[in-house]
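Good morning, colleagues. Please look at the sequence and the structure before I begin.

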Amino acid sequence: MKLILLSLVVIAASAIDIPEQFTGEQSYRVSGIFMCGDVPASKVQVKLVDDDFGPNPDDEMDQTYTDDEGRFVLSGRENELTTIDPHLKVYHDCNDGLIPCQRRWKFELPNHYITKGPHPTKTLDIGVWNLEAKMPDESHDCLH
Ligand SMILES: [Ca+2]
Ligand SMILES: [Ca+2]
Ligand SMILES: [Ca+2]
């Protein structure tokens, strides 16, 4: 009886395709290109973070600036008891003229690119984004 139950659970789990859960050291790599209109958005600050909730500030996993062609690659790791919540944050001045501080974009990144351990074996390529677009939940951010 126990065996039957167990195999039923296994079948159910594979049918629903429960996402892999992680614990301990996890790593992530993401790349992409930002444009401002038809001009590459260079020197745009980008951060890979593990989103944490409540008063717990997000953990920075890596940060860099886009190159002359608007390209970036971020690669980092984080220790967490449960699966990390990878996010990409972008701070830019595209179409922001004289308004102080930077427009902040935030992307939620899919969990199935998480690698167990310190060295990411997969890369999420988010492709080319035109920063002129307006994100529904974007904000202005001065401290980053
Ligand atoms: Ca987290
Ligand atoms: Ca964390
Ligand atoms: Ca600005």
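What is the site of the calcium ion (ligand 1), given angles of 46 to 152° among its 6 donor atoms? The site is irregular: six donors count as octahedral if opposite donors are over 155 degrees apart and all others between 65 and 115, four count as square planar on those terms or as tetrahedral if all angles lie between 85 and 135 degrees, and anything else is irregular.

A word on conventions. This is a predicted model, in which local features need pLDDT of at least 70 and side-chain atom pairs pLDDT 80 or more, while totals for chains, interfaces and linings use all residues. Residues are numbered from 1 along each chain as written, chains are lettered from A and ligands numbered from 1 in written order, and side-chain values use heavy atoms, without hydrogens or water.

The calcium ion (ligand 1) is coordinated by Asp50 (OD), twice, Asp51 (O), Asp52 (OD), Glu80 (OE) and Asp85 (OD), at 2.3 to 3.0 Å. Donors are N, O and S atoms within 2.8 Å of the metal, or 3.2 Å for Na, K and Ca; water is not among the atoms, so sites may look incomplete. Asp50 also coordinates the calcium ion (ligand 2), 3.9 Å from ligand 1. Asp50 is buried at 0% relative accessibility, where buried means under 20% relative accessible area, exposed over 50% and partly exposed in between (1.4 Å probe, protein chains only). Asp52 is buried too, at 11%.

I turn finally to the rings. Phe107 is buried, with a relative accessible area of 9%, whereas Trp129 is partly exposed, at 32%.
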